[in-house]
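Visitor: I should like to take a close look at a single part of this protein. Please describe one sheet and whatever lies against it, and then place that part within the whole.

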Amino acid sequence: MAGIDIEGLATVYPNGVRAVDGLDLHVADGEFFALLGPSGCGKTTLLRTIAGLENASEGTVRIDVADVTRMEPGKRGVAMVFQDYALFPHMTVSENITYPLKVRRVAAATRTATAGRTSSELSLQGLLERRPGQLSGGQQQRVALARAIASEGKVLLLDEPLSNLDARLRLEARTFLKKLQRDLGITTVFVTHDQAEALALADRIAVMQNGRLRQLGSPREVFARPANTFVANFIGSTPMNLLDGAVAAVSDGGSVSVANGSLPAATGSVPAGAEVTVGVRPEYLTLSDGDVNGPSLRGEVVVAENLGTSSLVSVDCGGTLIGVTVPEESEPAPGTSVVLTAPEQRVLLYDRESGEL
Ligand code: ADP
Ligand code: MG
C-alpha cells in the first residue's frame, strides 16, 4: 500500500498544450481519490503521467515515497484500467486477468490461483474460458478491473471505468467498485467527469479545470462550500443559484441584498456595499407561504420539476429566477406567492471579479 505525492507537476504535449499545468496533490495510503472535471481538463493526462505513460515536463511524482518521475511504467507498481478497458480480444478472460503476471514470469500454477481468486472477488466465476467478445459491457469492465487487481500494484488508477455502461448498470457497478475498494484497501485514483459519481464514491475529490486544481476536499466540502463559482457550477445535481448581490449595511445585521429582497449571510470582512456573487444551493433554501423573521425574498412560483421524491421549484423574485428544492408532497402550484430564506451559513459570498470565496 502506498500514497501518491505530486509536486509542481506539468505535462506539456509536443503541440504545446499544457494539459497538466502546475499541480500539487497528495493521495493518502488506502484513499479512494476522485479526479473530477469537464472533458479536456487534463484528467487522463494526469493519470497517464502518474502511470508513466506520459512524461512529466516539470515537477515530481512519488509513489510510496520513491521518486518515480523518470521511472518506466512497468516498474512504478501502478495498475491502470483504461476507459475502453483495452482487453486482449484473442485471449480468454483467464489469460487477460493473468497477463501482467505472465509478463513478470510468474509461475503458471500461481497465475491459475490468482485468476481463480480475483474472478471470484469480481463475480466472474464461470466466465474464465470466454473471450471478451462473448461478455456484456459490465462483465468486460470487471475483467479489466480484475486484471488490474491481479497485477498487485501499489496503486490503482481508473480512467472513467464506468462511463461505457448504461445508466442502470453504472449504478450497480458503482456500488460494487466502492465495496471492492474498501475491502482491498488499495490506494485508488478514479477519474470521472460525472460529479454525482465522484460525490458517491470518493473519500476526497480534486476538481480540475484547464490542467489546474480548483478545489480539493471531501464530497461534503465541495458540495456545501464550493471554493469558487466554477466548482459551484460543476458540483450538484441541481444547479447552484448564483445571483448578483451587494453586502448590506452593518446596521441591517449580516445580510446581503439580492433580487427583490435579501438573505442572511456571514459577511465577515466584506465591506458594506461590496458587490458580490451570492451562491445558495436549491437544497438549502426554504420556501414558506407566510412571513419570515429576518432577511428573505418574496416571489411567485413559475414551474416545478419532479425530481422523484423532491421537486425543483422555480421562483420569480422580481424578475430573478431562483431554484428551490422542496419535498414532493409540499410542491406549490404555479402562481403561488411564496417567501424564501436560507440559514446564514448556507449563503456563500463570492468575489464578483475572481469568483473566489
Ligand atoms: P480529460 O481526460 O480531462 O478529458 P485529457 O487529459 O484527455 O483531458 O486532455 C487534456 C488536454 O490535452 C486537451 O486539451 C486535449 O485536447 C489535449 N491532449 C490530450 N492528449 C493529447 C495528445 N496526445 N497530444 C496533444 N494534445 C493532447
Ligand atoms: Mg479523459
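Guide: In this predicted model, 4 strands form an open sheet, and their order is 2-1-4-5. The pairing in this sheet is antiparallel. In general, strands of a sheet pair through backbone hydrogen bonds, and they do so in either a parallel or an antiparallel manner. The edges of the present sheet are strand 2, residues 18-27, and strand 5, residues 66-67. Each of these two edge strands pairs on one side only.

At one of these edges, strand 5 pairs with strand 4, which covers residues 58-63. The two are joined in the antiparallel sense over 2 bridges. In one of the bridges, Ile63 has Ala66 of strand 5 as its partner.

Against this sheet packs helix 1. The helix touches strand 1 (residues 4-12), strand 2 and strand 4. The direction of helix 1 makes about 65 degrees with that of strand 2.

Helix 1 itself runs over residues 43-51. Of its 9 residues, 8 are buried, and the helix is therefore largely enclosed by the rest of the structure. The buried positions are Lys43, Thr45, Leu46, Leu47, Arg48, Thr49, Ile50 and Ala51. After the helix comes Gly52, with a positive phi near 90 degrees.

The helix also takes part in the surroundings of ligand 1: with 3 residues, helix 1 gives the most to the shell around this ligand. The full shell consists of Tyr13, Asn15, Val17, Ala19, Gly37, Ser39, Gly40, Cys41, Gly42, Lys43, Thr44 and Thr45. Sorted by class, these surroundings comprise 4 nonpolar, 7 polar and 1 charged residues.

As for the wider setting, an unreviewed UniProt entry lists residues 4-235 as "domain: ABC transporter". Over that range the chain is 37% helix and 25% strand, and the C-alpha atoms at its two ends are 25 Å apart. The protein chain has 357 residues, of which 40% count as buried. It contains 8 helices and 20 strands, and its C-alpha trace spans about 75 × 45 × 35 Å along the principal axes. Among contacts in the chain with a separation of 6 or more, 64% are between residues 24 or more positions apart.

Definitions and conventions: Residues are numbered from 1 along each chain as its sequence is written. Chains are lettered from A and ligands numbered from 1 in the order in which they are written. This is a predicted model: local features need pLDDT of at least 70, side-chain atom pairs count only at pLDDT 80 or more; totals for chains, interfaces and linings use all residues. A residue is buried if 20 or more other C-beta atoms lie within 10 Å of its own, exposed if 12 or fewer, and partly exposed in between; C-beta atoms are placed from the backbone. Two residues are in contact if their C-beta atoms, placed from the backbone, lie within 7 Å. UniProt positions are given in the numbering used here, feature names are shortened, and annotations may be inferred rather than shown by experiment. A residue is near a molecule or strand if its C-beta atom, placed from the backbone, lies within 6 Å of it. Ala, Val, Leu, Ile, Met, Phe, Trp, Tyr, Cys and Pro count as nonpolar, Asp, Glu, Lys and Arg as charged, and the others, Gly among them, as polar. Two strands pair if DSSP finds at least two bridges between them. Axes are lines fitted to C-alpha atoms, for helices over the stretch in contact, and angles run from 0 to 180 degrees between N-to-C directions.
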